[in-house]
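Here's a quick tour of a protein chain for anyone just getting started with structures. Take a look at the model below, then read on for the highlights.

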Amino acid sequence: MRQTEERYISLLTDFGFKRIFGTAPNKDLLMDFLNSLFDGEQVVKDVTFLNSEHVGDVFAERKAIFDVYCENEHGEKFIVEMQNAYQTYFKDRSLYYATFPIREQAPKGDDWNFRLEHVYVVALLNYEMHDAAFSEDSINHDVGLLDKHTHRVFNDKLTFKYVEIAKFDKDVDSLVTNFDKWLYVLRNLSRLECQPKYLRDEVFNRLFAEAEMSRFTKSELREYEDSLKAYRDIKNSLETAKEEGRAEGRAEGRAEALVKVARDLLKVNMPIDEIARITGLGESDLGKLL
């Protein structure tokens, strides 16, 4: 019997996000979302999913696991990440992630002119980032390599898209663009009792069909329930952390709260590397909590 009464899965969960955006049968959904995000700057006509787990050149080096990793018909690489929890060095992490698709373009041997295909890092943030470089009035932040004096593009081969989906507050009757529609379902899909009329076309019909839990196998439903519990534990622990941080008013309080989040996630058997990604704590530190 289902533990949740929702009709549709939440795209904010790891299971929901990867089911809709990270599987070959649903690649048309990923392409439609990316094209709505880039709004003509980039038009994706096809994608091929790539291995989402990467390790460094030496076996002992830290590995990176992407939520979704793919390339388009031109060989340009896309990393798409859902980040539900604030992380102090998330910008550094997204930069680190970008090094993998850059480095893997180097062919074996010495004959290479160093020409690179474009790498895009798309970060969907389920919290407000409050970065000094970002406009407070914007949800979608476009970051690239610019000359600081002229503000002209120095190299167009690396692009970061940070989308603060937590700031999106339009109701279904106020949706204008296709990107609006995607942000709406990212935030609200699991709260809907039926598919709204304004979200009925070929793409969103497929989305709602794929997201309906009545179609899940017992195994899929169990996996989703585990993913939903982990998501709720993260959000509940973070809310507690905010309250404690406000009450204590010190950095130590935030650090203790992150440890509590990590302990909660370990209890639901979330992989250590995923907990490290969410909390920013080192895997060696997490090992001490076991």
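Let's start with some rings: Phe 17, Phe 21, Phe 33, Phe 179, Trp 182 and Phe 204 form one aromatic cluster. Keep in mind that you're looking at a predicted model. The chain is made of 290 residues, and 46% of them count as buried. Along the way you'll meet some of its 9 helices and 8 strands.

**The big picture**

- Take the contacts in the chain with a separation of 6 or more: 61% of them join residues that are 24 or more positions apart.
- Aromatic rings pair up here too, and the structure holds 21 aromatic pairs.

**Rings with rings**

- One of those pairs is made by Phe 66 and Tyr 69, with ring centres 5.2 Å apart.
- The planes of Phe 66 and Tyr 69 are 75 degrees apart, and since anything over 60 counts as edge-to-face, that's the label this pair gets.
- Are these two residues buried or exposed? Both Phe 66 and Tyr 69 are buried.

**Charges over rings**

- Arg 103 lies over the face of Phe 100, and the distance to the ring centre is 5.1 Å.
- Lys 181 does likewise with Tyr 198, sitting over the ring face at 4.8 Å from the ring centre.

**Two helices side by side**

- Two packed helices are described by the angle between their axes and the distance between the axes.
- Helix 4 covers residues 178-188 and helix 5 covers residues 202-211; their axes come within 12 Å and cross at roughly 10 degrees.
- Angles under 35 degrees count as roughly parallel, so helix 4 and helix 5 are roughly parallel to each other.
- Which residues of helix 4 make the contact? They are Asn 178, Lys 181, Trp 182 and Val 185.
- On the helix 5 side, the contact is made by Val 203, Phe 204, Leu 207 and Phe 208.
- Sorted by class, this contact has 6 nonpolar, 1 polar and 1 charged residues.
- You've met some of these names already: Trp 182 and Phe 204 are part of the aromatic cluster, and Lys 181 is the residue lying over the face of Tyr 198.

**A mostly covered helix**

- Helix 8 runs over residues 272-279 and is mostly covered, with 6 of its 8 residues buried.
- The buried ones in helix 8 are Glu 274, Ile 275, Ala 276, Arg 277, Ile 278 and Thr 279.
- What comes after helix 8? Gly 280 follows, and its phi is positive, near 85 degrees.

**Positive phi without glycine**

- Asp 39 isn't a glycine, yet its phi is positive, at about 50 degrees.
- You can find Asp 39 in the loop between helix 2 (27-38) and strand 1 (47-49).
- Asp 39 has a relative accessible area of 66%, and over 50% counts as exposed, so Asp 39 is exposed.
- His 130 is another residue other than glycine with a positive phi, near 55 degrees.
- Look for His 130 in the loop between strand 6 (119-125) and strand 7 (140-146).
- With a relative accessibility of 55%, His 130 counts as exposed as well.

**Partly exposed residues and their partners in space**

- Glu 53 belongs to strand 2 (residues 53-54), and at 38% relative accessibility it counts as partly exposed.
- How many residues apart in sequence are Glu 53 and Ile 65? They are 12 residues apart, while in space their C-alpha atoms are 4.4 Å apart.
- Leu 95 sits in helix 3 (residues 90-103), and its relative accessible area of 47% makes it partly exposed.
- From Leu 95 to Val 121 it's 26 residues in sequence and 8.5 Å in space, C-alpha to C-alpha.
- Leu 146 is part of strand 7, and its 46% relative accessibility counts as partly exposed.
- Leu 146 and Asp 156 are 10 residues apart in sequence, with 8.7 Å between their C-alpha atoms.
- What does Leu 146 touch, leaving aside its neighbours within four places in sequence? Leu 146 is in contact with His 151, Arg 152, Val 153 and Phe 154.

Note on methods:
Residues numbered from 1 in each chain as written. Predicted model: local features only at pLDDT ≥ 70, side-chain atom pairs only at ≥ 80, totals over all residues. Heavy atoms only, no water. Axes fitted to C-alpha atoms, helices over the stretch in contact; angles between N-to-C directions. Helix = DSSP H or I, 4+ residues; strand = E, 2+ residues; numbered from the N terminus. Parallel < 35°, antiparallel > 145°, perpendicular 65-115°, else oblique. Contact = heavy atoms within 4.5 Å. Nonpolar A, V, L, I, M, F, W, Y, C, P; charged D, E, K, R; others polar. Phe/Tyr/Trp six-rings, centres within 6.5 Å; stacked < 30°, edge-to-face > 60°. Buried < 20%, exposed > 50% of the residue type's maximum accessible area, 1.4 Å probe, protein only. Lys NZ or Arg CZ within 6 Å of the ring centre and 35° of its normal.
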